[in-house]
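Welcome! Please take a look at the sequence and the structure below before reading on.

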Amino acid sequence: MNDLETILAHAGCTGLSPAGDLVDPIQLSTTFQRGIDGSYPAEYSYTRSGNPTRSSLEDILARLEGGHSAGAFASGMAAAAAVFATLPAHSHVVIPDDVYHGVRHLLAEFGTRWGLSYSSADMTSEESILAALTADTKLVWVETPSNPQLQITDLETVGRICRQRGVTWAVDGTWTTPLIQRPLEFGANYVVHSLTKYLSGHSDVLGGAVVSAGADDAERIRSYQTSAGAVLDPFSCWLTMRGLRTLAVRLERQCESAAAIASHLSSHPRVVDVLHPSLVTHVGHQTAKLQMRLYGAMISILVDGGAARALEIVSTTRVFQRATSLGGTESLIEHRRSIEGPASVTPDNLIRMSIGLESSRDLIADLDAALST
Ligand SMILES: *Cc1c(COP(=O)(O)O)cnc(C)c1O
């Protein structure tokens with residue numbers, strides 16, 4: 001059993017290529033030769049149901065999370081949709097009230113057509129979670145830190161509730177990666193990732209994954225993946241593995257800069273609140289300290305004013321790029337509410353930042369200049 005850093009450093013380098021390539025080649029073939037008896041000698045038949053480059057990525061993701069196996073999908077949302085679509089008919093789902101807006105939209109617009117119902121809960125409160133559960137609840141969806149308000153959910157509490165009630169739970173691990181938080185160790189049934197973010201890490205791959213703890217769940221997800229067909233293509237799998245090889249150093253540096261920036265902004269006169277779990281003043285700090293190895297590289301701030309003031313600030317940064325998404329080498333800044341659509345519950349004066357690999361001094365100077373406008 002290797003440390004995660006060692007698994008990551010060797011991602012996509014199995015040494016199994018017949019030519020002896022150090023880095024595995026990308027296997028683009030959509031179909032595979034059958035034996036004269038009709039069998040499939042290498043177990044692969046058709047790339048929608050399985051592909052060697054994809055298997056290689058899926059194996060690494062399962063090992064990183066300590067799961068039974070993983071399925072790689074065409075996007076983080078395709079991965080999330082696989083978890084919802086494989087629930088029993090007429091299931092009820094509990095989601096956080098602060099949740100990635102795409103998940104809320106998927107359930108509101110389409111979950112209801114499949115016969116899924118859902119309610120949202122304040123995941124920082126045990127009473128609120130318990131109150132949201134119904135006799136039909138089959139899944140609790142967790143995001144911690146949440147997007148974009150960085151609320152911390154106690155994984156141990158959710159694990160206990162779900163075990164007692166016999167309810168499956170899934171954690172969206174996009175913001176943390178297995179280097180920071182490993183939800184399966186708390187008893188979660190699934191970890192879902194947007195590979196688009198830290199795992200691929202360079203803002204040039206769209207992908208997702210579901211890692212299942214148990215064999216039965218894994219088999220259902222695998223069957224759905226083949227059947228619905230939103231699989232990750234081999235080139236994106238290969239690029240994701242290239243990204244994984246540097247994840248540990250990227251993420252550690254990004255988290256270190258994020259903590260420095262959060263600390264700097266917390267005494268800034270034009271910032272009303274800084275939402276980052278590294279700060280001892282953050283309401284979730286103690287829980288975060290227990291369940292996270294680092295505090296993450298996403299920061300939200302509440303500025304002194306409304307939407308207009310927030311939009312003015314994000315329009316003046318020069319090092320921070322104005323764009324949505326996160327987890328790349330370049331720092332991004334955005335006014336969050338205006339991208340989330342009409343169902344958004346995000347405060348109007350919230351600015352979300354993804355901290356990249358630039359010098360933290362340059363990032364701080366950029367924010368100071370923008371905030372002083
Ligand atoms: C980006 C994101 C997703 C969706 O992933 P895509 O790859 O864009 O489909 C889901 N959850 C979180 C927390 C995200 O940041």
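This briefing covers the sheet, its helices and the ligand site.

The model is predicted, so to speak of local features pLDDT must be at least 70, side-chain atom pairs count only at pLDDT 80 or more, and totals for chains, interfaces and linings use all residues. Residues are numbered from 1 along each chain as its sequence is written, and side-chain values use heavy atoms, leaving out hydrogens and water.

**The sheet**
- Seven strands (DSSP runs of E, at least two residues, numbered from the N terminus) form an open sheet with mixed pairing, in the order β1-β7-β6-β5-β4-β2-β3.
- β1 (69-73) and β3 (117-121) stand at the edges with a single partner strand each, so one side of each has no neighbour in the sheet.
- From one strand to the next, the twist averages 20°.
- β5 (residues 168-172) and β6 (residues 190-194) run parallel, joined by three bridges; pairing takes at least two bridges found by DSSP.

**The helices**
- Helix α2 (residues 52-65; helices are DSSP runs of H or I, at least four residues) lies across β1, β6 and β7 (208-212), at about 130° to β1.
- Angles run from 0 to 180 degrees between N-to-C directions of axes fitted to C-alpha atoms, for helices over the stretch in contact, where contact means heavy atoms within 4.5 Å.

**The ligand**
- The ligand is surrounded by 14 residues, and Met77, Asp172, Ser194, Thr196 and Lys197 are the closest; a residue counts if one of its heavy atoms lies within 4 Å.
- A side-chain N or O atom of lysine 197 is 2.9 Å from a ligand oxygen atom.

Conventions:
Polar contact = N/O pair within 3.5 Å; in protein donor to acceptor, adjacent residues only side chain to side chain.
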